[in-house]
Amino acid sequence: MPTPTETQRTLHVRKSKSAPLGIDAWYYSLVGRIKRGPWAFSRIEIMAERIELLREEFNLLNNGQLDDRLQRLREHRRRYPKDIDSKKEEGLALLAVTAKRELGLTPYKVQIMAAAALIDGFLTEVDTGEGKTLALSLVAAYNAWSGLPCHVITANDYLAGRDAEYLKGFYLRVGLKVGKVLGETAEQDRRTAYQCDITYTTAKEVAADYLRDRLRLYGMEDIGSRLSLSN
């Protein structure tokens, strides 16, 4: 199984730090309240309307022009991975056009809103039948363009396998590789899947792989000695 990279270990340590106190706590609380304010929904809705206008414009591009725009945007995201906002509307519009050409699906406004909200860091609830699979594919592609691995965690093996296979052509068109980790996936295949730009899996498999990687990271002998001492 793949072991955590130095960057992943650093991120894990950073996320394990204690919560901010004093003025920092007040500041983050204020920012959170502003972002969660009643105008947040209106802002996302207005953004989705602008994305739909861009999509209509990009629909006029031929395949070569579309691929060129996708490549340029992908290179920008890879060069500036922290620059999430400046190309978000253009990126989602281009991805929506690509979804139509590769999958025959045009994202509805509610799907565009869900994708924009997720990229902005919101938790998003989408009702059954409103198209979570397509909305998540837009988010996964936009985030994976940054060069950082993106994991899409679904409810069960069936959904993970189905979505990874169904969306493979779409992801390839936008320059990304997709893998899947299911219950029956062999160890070497898991390594390959986790090395893809986007990996579809389940919470159960992620948790199990994480625990196995921690055992390998610290060494089986070390873990065994700790268990002996604790007994």
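I began with Asp120, which forms a salt bridge with Arg43, the closest N and O atoms being 3.1 Å apart. I then looked up where the two partners sit: Asp120 is in the loop between α6 (109-119) and α7 (132-144), while Arg43 is in helix α3 (residues 39-58), so that the pair links distant parts of the chain, 77 residues apart. I note that this is a predicted model.

I checked the cover of Arg43 and found a relative accessible area of 38%, which makes Arg43 partly exposed. Following the charges further, I found that Arg43 and Asp120 belong to a network of salt bridges that also links Asp85 and Lys88. Over the structure I have 20 salt bridges.

Next I looked up Arg69, whose salt bridge with Glu90 also has its closest N and O atoms 3.1 Å apart. Because Arg69 lies in helix α4 (residues 63-79) and Glu90 in helix α5 (residues 88-103), this pair ties together parts that are 21 residues apart in sequence. Arg69 counts as partly exposed, at 21% relative accessibility, and I keep in mind that buried means under 20%.

For a pair within one helix I took Arg191 and Glu187, which form a salt bridge with the closest N and O atoms 3.8 Å apart. Both lie in helix α10 (residues 187-194), four residues apart, or about one turn of the helix. I recorded Arg191 as partly exposed at 28% relative accessibility, and Glu187 as partly exposed at 38%.

Last, I turned to the nonpolar surface, where Ile23, Trp26 and Tyr27 make a patch of about 420 Å². Trp26 lies in helix α2 (residues 22-35) and is exposed, with a relative accessible area of 59%.

Definitions and conventions:
Residues numbered from 1 in each chain as written. Predicted model: local features only at pLDDT ≥ 70, side-chain atom pairs only at ≥ 80, totals over all residues. Heavy atoms only, no water. Patch = residues over 30% accessible without salt bridge, like charges linked within 9 Å, V, L, I, M, F, W, Y side chains within 5 Å. Areas by Shrake-Rupley, 256 points an atom, 1.4 Å probe, with all protein chains shown as cover. Salt bridge = Lys/Arg side-chain N within 4 Å of Asp/Glu carboxyl O. Helix = DSSP H or I, 4+ residues; strand = E, 2+ residues; numbered from the N terminus. Buried < 20%, exposed > 50% of the residue type's maximum accessible area, 1.4 Å probe, protein only.
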